[in-house]
Amino acid sequence: MPAKKKVVLRCPTCRTLVTATDENFPFCSDKCRVIDLGKWASGAYKISSPILDPDVLEGLGEMQRPRGDDDDDFRN
Ligand SMILES: [Zn+2]
């Protein structure tokens, strides 16, 4: 029977259960830690910003309708 409650999380890289006492916590191994750092370095985890939000991009598309024809009419 377990005498005390263990703190257990899943490895962010491979989802293996890792206890808080593990030297590589919260990763299951040093390998998974390096893999996770590599994801950050390569931009796999992008920090979300308003300009990258799909809804915002749609709104920008509507505002950027071509107005070149109107300008030509004005000149002629
Ligand atoms: Zn892992």
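A residue is counted as partly exposed when its relative accessible area falls between the limits for buried, under 20%, and exposed, over 50%. The model described here is predicted, and Cys 28 belongs to this intermediate class, because its relative accessible area is 25%. Cys 32, at 7%, is buried.

The protein chain contains three helices and two strands. Read from the N terminus, these elements follow the order β-β-α-α-α. Of the 76 residues in the protein chain, 8% are buried. The accessible surface of the protein chain amounts to about 7,000 Å², and carbon and sulfur atoms account for 57% of that area. Among contacts between residues at least 6 apart in sequence, 2% connect residues at least 24 apart.

The zinc ion is held by four cysteine donors. The SG atoms of Cys 11, Cys 14, Cys 28 and Cys 32 serve as its protein donors, lying 2.3 Å from the ion. The angles subtended by the four donor atoms range from 103 to 119°, and the arrangement is therefore tetrahedral, since four donors receive that description if all angles lie between 85 and 135 degrees. Along the sequence, the donor residues follow the spacing C-x2-C-x13-C-x3-C. Cys 11 is situated in the loop between strand 1 (8-10) and strand 2 (17-19), whereas Cys 32 belongs to helix 1 (residues 30-42), so this pair ties together parts of the chain that are 21 residues apart in sequence. Both Cys 11 and Cys 32 are buried. A disulfide is a covalent bond between the sulfur atoms of two cysteines. With a disulfide taken as a pair of cysteine sulfur atoms within 2.5 Å, the count for this model is zero.

The loop between strand 1 and strand 2 also contains Arg 15. The phi angle of Arg 15 is near 70°, a positive value in a residue other than glycine. Arg 15 is classed as exposed because its relative accessible area is 53%, above the limit of 50%.

Several further features fall between strand 2 and helix 1. Asp 22 is located in this loop and is partly exposed, with a relative accessible area of 28%. When residues up to four places away in sequence are left out, Asp 22 touches Phe 27 and the zinc donor Cys 28. The C-alpha atom of Asp 22 is separated by 9.7 Å from that of Val 8, the two residues being 14 apart along the chain. Asn 24 occupies the loop between strand 2 and helix 1 as well. Its relative accessibility of 14% places Asn 24 in the buried class, for which the limit is under 20%. Beyond residues up to four places away in sequence, Asn 24 is in contact with Ser 29, Asp 30 and Arg 33. The loop between strand 2 and helix 1 further includes Pro 26. The peptide bond leading from Phe 25 to Pro 26 is cis, with omega near 5°.

Helix 1 was examined for its span and for the placement of selected side chains. At 1.5 Å a residue, its 13 residues should span 18 Å, and the end C-alpha atoms are 18 Å apart, which agrees with the expectation. Just after helix 1, Gly 43 adopts a positive phi of about 85°.

Within helix 1, Asp 36 and Leu 37 fall on opposite sides of the burial limits. Asp 36 is counted as buried because its relative accessibility is 9%, whereas Leu 37 is exposed, with a relative accessible area of 52%. The positions of Asp 36 and Leu 37 were each related to Thr 13. Asp 36 and Thr 13 are 23 residues apart in sequence, and their C-alpha atoms are 6.2 Å apart in space. For Leu 37 and Thr 13, which are 24 residues apart along the chain, the C-alpha separation is 9.9 Å.

Key:
Residues are numbered from 1 along each chain as its sequence is written. This is a predicted model: local features need pLDDT of at least 70, side-chain atom pairs count only at pLDDT 80 or more; totals for chains, interfaces and linings use all residues. Side-chain values use heavy atoms; hydrogens and water are left out. Helices (H or I, at least four residues) and strands (E, at least two) are DSSP runs, numbered from the N terminus. Buried means under 20% relative accessible area, exposed over 50%, partly exposed in between (1.4 Å probe, protein chains only). Contact means heavy atoms within 4.5 Å. Accessible areas come from the Shrake-Rupley method with a 1.4 Å probe; for residues, only the protein chains shown count as cover. Donors are N, O and S atoms within 2.8 Å of the metal (3.2 Å for Na, K and Ca); water is not among the atoms, so sites may look incomplete. Four donors count as tetrahedral if all angles lie between 85 and 135 degrees; four count as square planar and six as octahedral if opposite donors are over 155 degrees apart and all others between 65 and 115; anything else is irregular. The expected span of a helix is 1.5 Å times one less than its number of residues.
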